[in-house]
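Let us walk through this chain together, looking at how its side chains pair up. Have the structure open as you read.

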Amino acid sequence: LQGIPGTGADKSDKGGEHDGGNSPDDSQPYAIPTIYNATYIGHGQKGFDGANKNTVLHIRDNAGSRYYNSAFLDFGGATVLIEGLAGSTGTSAERAVSAYSSVFDNEFHVGPSSDFQLELEDNTFYCVGRQEALGDGSLCTAGCTTYGGSSGKDHFDNGMFTNPDLDNDYLDCAQALPIRTLVREDLAFDPAVPDQTVSVDPRPAASGALLASNRTQADGFFSAAAYQGAFAPGDNWASCWTGLSRLGYFPTCDLATAPDAIPDNTANLLFLNETKLVWEGPACGINVYAYDLLRSTDAADFSGSTFVEDDDTDLFATDTDTPLSGSAFFYLSRGQNACGSGSLGITSNGTERSAP
């Protein structure tokens, strides 16, 4: 999340700027990070000074990069600028057509699943200024110097939107916000600076584009995730301990301004004795007014579960029922507030559990 801009001309203008060797531009070292499930939020669509330079990704100086399953939202400039030489070769443009050398770290194979040193695959881009101006699936390959490009540099289109195999999606600004909440202050009195974010819930919006991904990751190093972006549907792992949380950027439930601010996951559900269960509420952040405790005879399926407690205000429950011989009971807890019921958590394959 791009923070308060400084007084410099660039105003923290890039979501990610990737640089490698630059003496000369086509020299080593190569910088080729592999990044899964990132969430980047830009400065928005206000026409402040330098808004066109608010680029999502700028890949230059012989760097590459490999982004998968990620979400990039609300930038005023270009989607991706890949600097290169004429003919789509040289410097970073060369990384988009060059074979990747596999890298091994101890016993883990952490090389990519394809052959290129620069690749963007299975990502979602939302509301980006240059894409809105283009009105099609092109990347910024002409007129890019006014959208954050370096003077005298050619820019390469690696086909991330036009190649369907790469499975990148662009959502225009008129479509629904794919995260739960993003509220900006209105600094109309100061047109030279962006409208700063005052509240954000970065979890995927209900029925939104980030809830699912077509990518299956099983390389022995990265864990699979069935969603896009940095946050699972029901888990804001950044609550409590991060600067965003401590500075009050995460919303509490307000039906008028933050209707999607449902609670984070509960934690540490356990038996206190043979019939009494206890659990902990979310560590901090979004308010919780009541709790449910659900019981199922199938650990993998809570869709037809029984409510041991429904809308109770304490953090314990008693269940005197006993399972049939040869079977077992399984339990999950969740929080509720005026905005709705929180998540029951994520299954081992990365999908969110469903329940009544």
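A good place to begin is a pair of charged residues, R203 and D201, which are both buried. Their side chains meet in a salt bridge, with an N to O distance of 2.8 Å. Please keep in mind that this is a predicted model.

Side chains of opposite charge can pair when their charged atoms come close. In this structure the count comes to 13 salt bridges. Another of them is formed by the side chains of D321 and R295, at 3.2 Å from N to O. This pair links distant parts of the chain, 26 residues apart: D321 sits in the loop between β20 (316-318) and β21 (330-337), while R295 belongs to strand β18 (residues 290-296). The two partners can also be placed by their accessibility. D321 has a relative accessible area of 43%, so D321 is partly exposed, whereas R295, at 12%, is buried.

Now turn to the N-terminal strand β1 and its surroundings. The side chains of E17 and R60 form a salt bridge of 3.3 Å, N to O. Here too, distant parts of the chain are linked: E17 lies in strand β1 and R60 in the loop between β4 (55-59) and β5 (65-68), 43 residues apart. Is R60 buried or exposed? Its relative accessibility is 19%, and because the cut-off for buried is under 20%, R60 counts as buried. E17, in contrast, is partly exposed at 40%. You can widen the view from here, as E17 and R60 belong to a network of salt bridges that also includes D19, D61 and E83.

Just before β1 (14-18) you will find D13. The side chains of D13 and K14 are joined by a polar contact of 2.9 Å. D13 is buried, with a relative accessible area of 8%.

The last stop is the cysteines, where the count comes to two disulfides. One joins C127 to C173, with an S to S distance of 2.0 Å. C127 lies in strand β11 (residues 124-128) and C173 in the loop between β13 (169-171) and β14 (179-184), so this disulfide ties together parts that are 46 residues apart in sequence. The torsion about its S-S bond is about 95°, which makes the disulfide right-handed. C127 is buried at 4% relative accessible area, while C173 is partly exposed at 28%.

The other disulfide joins C140 to C144, with S to S at 2.4 Å. Its torsion about the S-S bond is about -135°, so this disulfide is left-handed. Both C140 and C144 are buried.

Definitions and conventions. Residues are numbered from 1 along each chain as its sequence is written. This is a predicted model: local features need pLDDT of at least 70, side-chain atom pairs count only at pLDDT 80 or more; totals for chains, interfaces and linings use all residues. Side-chain values use heavy atoms; hydrogens and water are left out. Helices (H or I, at least four residues) and strands (E, at least two) are DSSP runs, numbered from the N terminus. Buried means under 20% relative accessible area, exposed over 50%, partly exposed in between (1.4 Å probe, protein chains only). A polar contact is a pair of N or O atoms within 3.5 Å; within protein, one must be able to donate a hydrogen and the other to accept it, and residues adjacent in sequence count only if both atoms are side-chain atoms. A disulfide is a pair of cysteine sulfur atoms within 2.5 Å. A salt bridge is a side-chain nitrogen of Lys or Arg within 4 Å of a carboxyl oxygen of Asp or Glu.
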